[in-house]
Amino acid sequence: MLDKRATAIASPNIAFIKYWGNRDPALRLPANASLSMTLANLQTETAVQFDNLLESDQIEINGNPASVQAASRVTEHLDLIRTLSGLPSFANVCSLSNFPAGAGIASSASAFAALTAAASSAAGLDLDMKQLSILARRGSGSAARSIFGGFVQLFSGETDEDGYAEQLAPAEHWHLVDLIAVVTKEHKSTGSSAGHLLAPTSPIQAVRVQDADRRMAICKNAILQKDFQTLAQIVEQDSNLMHSVMMTSDPPLHYLEPESISIMKHVTRWREDGLAVCYTIDAGPNVHCICSFEDSHEVERQLRSIDGLLDIYRCSPGNGVALNTNN
Ligand code: PMV
C-alpha cells in the first residue's frame, strides 16, 4: 500500500523587492513581480499524513490545534492537492516553526512551502519545482519563493501557470546576512491576506506597481554584480514604498513601531559611516538589516546597543524546500 505520509522542511525568505496586493486574490496572482533571499537557520517542518479513517483535517501548529482561520486556510490548500491527486482522504498535519509566526518574518512563506511539498508528496503527486512553486503560491504568495534557495524571483504572472518563482542565483553566490532585529514577538493584528485586499485602496499602489519592473531590474543586477550600495538604495526604497501604500490604504495599516523607525534611522547612519547595511521591513514591525558578511558582526554589535530590542536572528542565504526522507 502507498505510504500516504511525508515530511518537508522549508525556510522563510526576506523580500528585497516586495509583493503587496493581488491582481487576482482567488489565485493569489501578485500585483507585481518580487525578489527575495531565502533565509537559513529559520525553518518550518511540516508532516502530513492522509488517513481515510479521519472525518476532517486535523491540524496542529507549534504544538496547539490550529485556530479556525489558520485551519481553514490549510484545509483549502489540502483541497487543491486532493483535487489534483484524486485522493479523497482527510489529513493529519503537524507543523513546527523555530521562529515566531505573524511578526513580519514570513512564517506563511515557510509554512505553505513545507505544506505544499509534504502534502503533494504524501498524496503521491510527483511535482517539479515550478509546479511546487505555483501550488505554494496559492497558499501564500511569498511561499512560491521559499521553494527555492538563494536569491529568488517571483513573476507576477497573467495566469495560474505563469505565476511561479525561479532561482536567480544560488545561496553561495553572495554571502549577505539578514540580521532580524526583533522588536515584538506578538502576532500582528492585520495579516497579509487582509492587507493585500486593502492595497488597491491606496492611491500610491498603482504607482508602486507601475514602477516595479524598474526596481526588479536594478535589484537583479545589483545581486548579480554583488553591488551592495545599489542594492541598499533600491531595497530601502522598495520597502518604504510598500509601507507608504500600507499607511495610505483605507483603513490605513501601520506595521511600523517607534522602535522600527529608530532602527531604520540608525541603519542609515551606519551606512553613511561606511558599513554595508540597509533595512527592509515586511508586514510587521521587525527590521531586517541586510548586511555584507564582513560588516555583519559590527552591525550586530551596534544593534545590541539600541533600546527595546528583544532579540536578533542571524540568517545567511539558505536552501529551498526539502523532503525529509528519514520520515
Ligand atoms: O505571502 P504573503 O501573502 O504573506 O505576503 C507577503 C507580503 C510581504 O512579506 C510583505 C512582501 C513579500 O514579498 O514577501
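The following exchange concerns a predicted model and the reasons behind several of its structural labels.

Reader: Why is Arg28 called buried or exposed, whichever applies?
Author: Arg28 has a relative accessibility of 13%. Buried means under 20%, so Arg28 counts as buried.

Reader: Where does Arg28 lie, and what is its phi?
Author: Arg28 belongs to the loop that links β3 (22-24) and β4 (29-30). Its phi is near 50°, a positive value in a residue other than glycine.

Reader: What makes Lys226 partly exposed?
Author: The relative accessible area of Lys226 is 44%. Buried requires under 20% and exposed over 50%; Lys226 therefore falls in between and is partly exposed. Lys226 is located in the loop between α7 (212-225) and α8, and its phi is positive, about 55°, although it is not a glycine.

Reader: How do you know that β12 and β14 pair?
Author: Pairing requires at least two bridges. Strands β12 (residues 176-182) and β14 (residues 287-292) have six bridges in the antiparallel sense, and therefore they count as paired. Among the bridge partners, Leu176 is matched with Ser292 in β14.

Reader: Why are β13 and β15 said to stand at the edges of the sheet?
Author: The open sheet of four strands has the order β13-β14-β12-β15, with antiparallel pairing. β13 (277-280) and β15 (311-315) each have a single partner strand, so one side of each lacks a neighbour in the sheet. From one strand to the next, the twist averages 25°.

Reader: What is the omega of the peptide bond between Asp250 and Pro251?
Author: Omega is about 0°, and the bond is cis. Pro251 occurs in the loop between α8 and α9 (258-272).

Definitions and conventions. Residues numbered from 1 in each chain as written. Predicted model: local features only at pLDDT ≥ 70, side-chain atom pairs only at ≥ 80, totals over all residues. Heavy atoms only, no water. Helix = DSSP H or I, 4+ residues; strand = E, 2+ residues; numbered from the N terminus. Axes fitted to C-alpha atoms, helices over the stretch in contact; angles between N-to-C directions. Buried < 20%, exposed > 50% of the residue type's maximum accessible area, 1.4 Å probe, protein only.
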